[in-house]
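Reader: I'm new to this one, so could you walk me through it with a few questions and answers?
Author: Sure, let's take a look together.

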Amino acid sequence: MGQANAQGSGGDGRAAPVDMPQAGVTVAIEGVSRRFRTGFLALTEVDLTIGAGELVAVVGPSGCGKSTLLKIIAGLLTPTDGVVDFGGDRPETGYVFQDAHLLPWRNAIRNVELFLEVDGVRKQERRERARQALQLVGLADFEGSYPAELSGGMKMRVSLARTFATDPQLMLFDEPFAALDEITRNRLNNDLIRLQRDRGVTGVFVTHSIGEAVFLADRVAVMSPAPGRIVGIVDVPFGGDRSAALRTSAEFAAVARDVSEIMAAYEVAEGQEIMAAKE
Ligand SMILES: Nc1ncnc2c1ncn2[C@@H]1O[C@H](COP(=O)(O)OP(=O)(O)OP(=O)(O)O)[C@@H](O)[C@H]1O
Ligand SMILES: [Mg+2]
């Protein structure tokens, strides 16, 4: 599945319609560690609090535990130590993976309806919400198209629409645009930021791209090689101004450089992590 509802609140079919933004939740990750049954320590002592409506990007080398951390936030994996506290019940959560994971035998609108169906939302409301979500991602004219008839970027848009149609309070993104060309990725970044900010959804966005992290996020958290922990957090001081011109500005380059410098202070050599002098 390209997206999973960690918990659905719409089981009674009366979930809020897609055009009614829900307030995001606060996510407090406290002392989270995860050791796998193999004995491998993937995460150690991760502390990170994400404010309501905030988008935090997580960057770090391959294998440092980024996906593990997202799965723990989603409740799909339990931490060996520590907790993830939402200040209440587990929120309605959308999870978007690198692959759009659309069902090939369903057209675009029926793919968007999928999780609403699982949540038991009635047919008419499901259709309305799916249609609105497709409109939001610019695919109103393609609701009858099947995945095989859509480009990679369009498939990712359907995947995003499917997630936003469930009205999540928390969105978890695991490198959703990594396989796309830069122009398409930039367009989807623009779409995503509009959807996320307009709706006040709290988000965690894992990416290998420092530029993508800085463009999207309010803060960028940098993880060390395994066992992953957060070794630096960079504030992104651009507020809601995420215009295309920002990408080429000196201010943007300066923030990206701060992130790169933290990453460069940690490197992997011959399978062993070495931590450079900078802490
Ligand atoms: N179920 C598992 N059992 C044992 N080890 C695991 C398991 N899942 C992940 N790992 C290990 O934990 C480490 C972190 O994996 P994870 O998938 O979280 O990394 P990642 O940062 O998302 O990497 P990438 O950027 O390549 O996606 C890796 O070394 C991986 O091999
Ligand atoms: Mg991963």
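Reader: In which loop does Glu175 lie?
Author: Keep in mind that this is a predicted model. Phi of Glu175 is near 50°, a positive value in a residue other than glycine. As for its place in the chain, Glu175 sits in the loop between strand 6 and helix 6.

Reader: Does Glu175 count as buried, partly exposed or exposed?
Author: Being buried takes 20 or more other C-beta atoms within 10 Å, and being exposed takes 12 or fewer. Glu175 has 19 C-beta neighbours inside 10 Å, so it counts as partly exposed.

Reader: Where is His101, and what is its phi?
Author: His101 belongs to the loop between strand 5 and helix 2. With 16 C-beta neighbours inside 10 Å, His101 counts as partly exposed. Most residues other than glycine have a negative phi. His101 has a positive one, near 50°.

Reader: Which peptide bond is cis?
Author: Most peptide bonds are trans. For a cis one, go to the loop between strand 8 (219–223) and strand 9 (230–235), where Pro227 is found. Omega is near -5° for the bond from Ala226 to Pro227.

Reader: What are the residues around ligand 1?
Author: They divide into five nonpolar, six polar and one charged. Ala226 is one of them, and so is Lys66. The full list is Phe36, Thr38, Phe40, Ala42, Ser62, Gly63, Cys64, Gly65, Lys66, Ser67, Thr68 and Ala226.

Reader: Which element gives the most to the shell around ligand 1?
Author: Look at residues 66–74, which make up a helix. Lys66, Ser67 and Thr68 are among the residues around the ligand. With three residues in the shell, the top contributor is helix 1.

Reader: Is helix 1 mostly covered or mostly exposed, and which of its residues are buried?
Author: Helix 1 is mostly covered, with seven of its nine residues buried. Just after this helix, Gly75 takes a positive phi of about 80°. The buried residues of helix 1 are Lys66, Thr68, Leu69, Leu70, Ile72, Ile73 and Ala74.

Reader: What is the order of the strands in the open sheet of three strands?
Author: The pairing in this sheet is antiparallel. Strand 2 (41–50) and strand 4 (81–85) each pair on one side only, which means they are the edge strands. Neighbouring strands are turned by 15° against each other on average, direction ignored. The order is 2-1-4.

Reader: Over how many bridges do strand 1 and strand 2 pair?
Author: Strand 1 covers residues 27–35, and its pairing with strand 2 is antiparallel. As one example of who faces whom, Val27 stands opposite Ile50 in strand 2. The number of bridges is six.

Reader: What angle does the direction of helix 1 make with that of strand 1?
Author: Helix 1 packs on the sheet and touches strand 1, strand 2 and strand 4. Its direction and that of strand 1 make an angle of about 120°.

Reader: What span should helix 5 have, and how far apart are its end C-alpha atoms?
Author: Helix 5 runs over residues 152–165, which is 14 residues. At 1.5 Å a residue it should span 20 Å, and this agrees with the model because the end C-alpha atoms are apart by 20 Å.

Reader: What covers the buried residues of helix 5?
Author: Helix 5 is mostly covered, as eleven of its 14 residues are buried. Among them are Met156, Val158, Leu160 and Phe164. The cover includes strand 5 (93–96), helix 2 (108–112), helix 3 (114–118), helix 4 (123–136), strand 6 (170–174) and helix 6 (182–199).

Reader: Is Phe205 buried or exposed, and what is it in contact with?
Author: Phe205 is found in strand 7 (residues 202–206). It counts as buried because it has 26 C-beta neighbours inside 10 Å. Leaving aside neighbours within four places in sequence, Phe205 is in contact with Leu55, Ala57, Phe173, Leu216 and Ala217.

Reader: How many helices and strands does the protein have?
Author: The protein has 279 residues, of which 42% count as buried. Its secondary structure comes to eight helices and eleven strands.

Terms used. Residues numbered from 1 in each chain as written. Chains lettered and ligands numbered in written order. Predicted model: local features only at pLDDT ≥ 70, side-chain atom pairs only at ≥ 80, totals over all residues. Near = placed C-beta within 6 Å. Helix = DSSP H or I, 4+ residues; strand = E, 2+ residues; numbered from the N terminus. Nonpolar A, V, L, I, M, F, W, Y, C, P; charged D, E, K, R; others polar. Contact = placed C-beta atoms within 7 Å. Pairing = 2+ DSSP bridges. Axes fitted to C-alpha atoms, helices over the stretch in contact; angles between N-to-C directions. Expected span 1.5 Å × (residues − 1).
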